[in-house]
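Let's take a walk through this one together. Keep the sequence and the coordinates open side by side, and follow along.

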Amino acid sequence: MVEIKFNLNVALAIQKGEKFGLIETSDGLPARIVCTDAKGYRPVIALIMDSDGKSEFPMQYTVQGRHDVRDNVTTNVDLHLYEEGGEA
């Protein structure tokens with residue numbers, strides 16, 4: 001898998017099974033997007049799998065996949081895309 005720049009449309013295609021790939025946080029936890037139109041600066045809501053794999057917790061993101069709205073701040077829960085390429 002190759003990391004690509006976060007793109008909401010690509011993330012949604014991966015999630016729908018239209019593209020092969022993964023959506024993960026910076027620290028490698030699986031994520032799934034459940035909402036893209038929440039009110040405010042962070043309209044994307046994703047459920048993040050906890051490290052034991054038994055539960056998920058919600059996090060809000062910008063459309064660029066960032067948890068913090070400031071451009072110069074990165075966090076361990078920012079979203080990343082990994083793509084194999086090709087169609088599903």
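Start with Leu-29, which is in contact with Ile-23, Glu-24, Ile-48, Met-49, Asp-50 and Ser-51, once neighbours within four places in sequence are set aside. Keep in mind that this is a predicted model. Leu-29 sits in the loop between S2 and S3. Is this loop residue buried or exposed? Its relative accessible area is 18%, and the cut-off for buried is under 20%, so Leu-29 counts as buried. For a sense of scale, go back ten residues along the chain to Lys-19: the C-alpha atoms of Leu-29 and Lys-19 are 19 Å apart.

Two of the residues that Leu-29 touches, Ile-23 and Ile-48, lead straight to the largest nonpolar core. That core has 17 residues, and the members that touch the most others are Phe-6, Ile-23, Ile-33, Ile-48, Tyr-61, Leu-79 and Leu-81. Which elements give two or more residues to it? They are helix H1 (8–16) and the strands S3 (31–35), S4 (44–49), S5 (56–61) and S6 (79–87). H1 gives the most, with four residues.

Leu-79 is a handy place to look around from. Beyond its neighbours within four places in sequence, Leu-79 contacts Phe-6, Ile-23, Glu-24, Ala-31, Ile-48, Tyr-61 and Gly-65.

Now over to the helix. The buried residues of H1 are Leu-8, Val-10, Ala-11, Ala-13 and Ile-14. Here's a bit of geometry to go with that list: an α-helix has 3.6 residues a turn, so residues three or four places apart point the same way. At the start of H1, a side-chain oxygen of Asn-7 comes to within 2.9 Å of the backbone nitrogen of Asn-9. Just after H1, Gly-17 adopts a positive phi of about 85 degrees.

Within H1, pick out Ile-14. With a relative accessible area of 9%, Ile-14 is buried. Not counting residues within four places in sequence, Ile-14 contacts Lys-19, Phe-20, Gly-21, Leu-22, Ile-23, Leu-81 and Tyr-82. Gly-53 is another story: 39 residues along the chain from Ile-14, with 20 Å between the two C-alpha atoms.

What about Thr-25, which belongs to strand S2 (residues 19–25)? Its relative accessibility is 1%, so Thr-25 counts as buried. Apart from residues up to four places away in sequence, Thr-25 touches Ile-48, Tyr-61, Asn-76, Val-77, Asp-78 and His-80.

Glu-83, in strand S6, is a charged residue by class, and at 19% relative accessibility it counts as buried. Leaving out neighbours within four places in sequence, Glu-83 is in contact with Met-1, Val-2, Ile-4, Val-10, Lys-19, Phe-20 and Gly-21.

Last stop: the largest pocket, with a volume of about 220 Å³. Which residues line it? The lining is made up of Glu-3, Ile-4, Lys-5, Phe-6, Gln-64, Gly-65, Arg-66, Asp-71, Thr-74, Asp-78, Leu-79 and His-80. Strand S1 (2–4) and S6 each supply at least two of these residues. Sorted by class, the lining has three nonpolar, four polar and five charged residues. Phe-6 and Leu-79 turn up in this lining, and both are also among the core residues that touch the most other members.

Key. Residues numbered from 1 in each chain as written. Predicted model: local features only at pLDDT ≥ 70, side-chain atom pairs only at ≥ 80, totals over all residues. Heavy atoms only, no water. Core = buried A, V, L, I, M, F, W, Y, C linked by side-chain atoms within 4.5 Å. Buried < 20%, exposed > 50% of the residue type's maximum accessible area, 1.4 Å probe, protein only. Contact = heavy atoms within 4.5 Å. 1 Å grid on protein atoms, 1.4 Å probe; cavity = no way out; pocket = protein on both sides within 12 Å on 5 of 7 lines; lining within 4 Å. Points joined across faces, edges and corners; volume = space filled by probe spheres on them. Polar contact = N/O pair within 3.5 Å; in protein donor to acceptor, adjacent residues only side chain to side chain.
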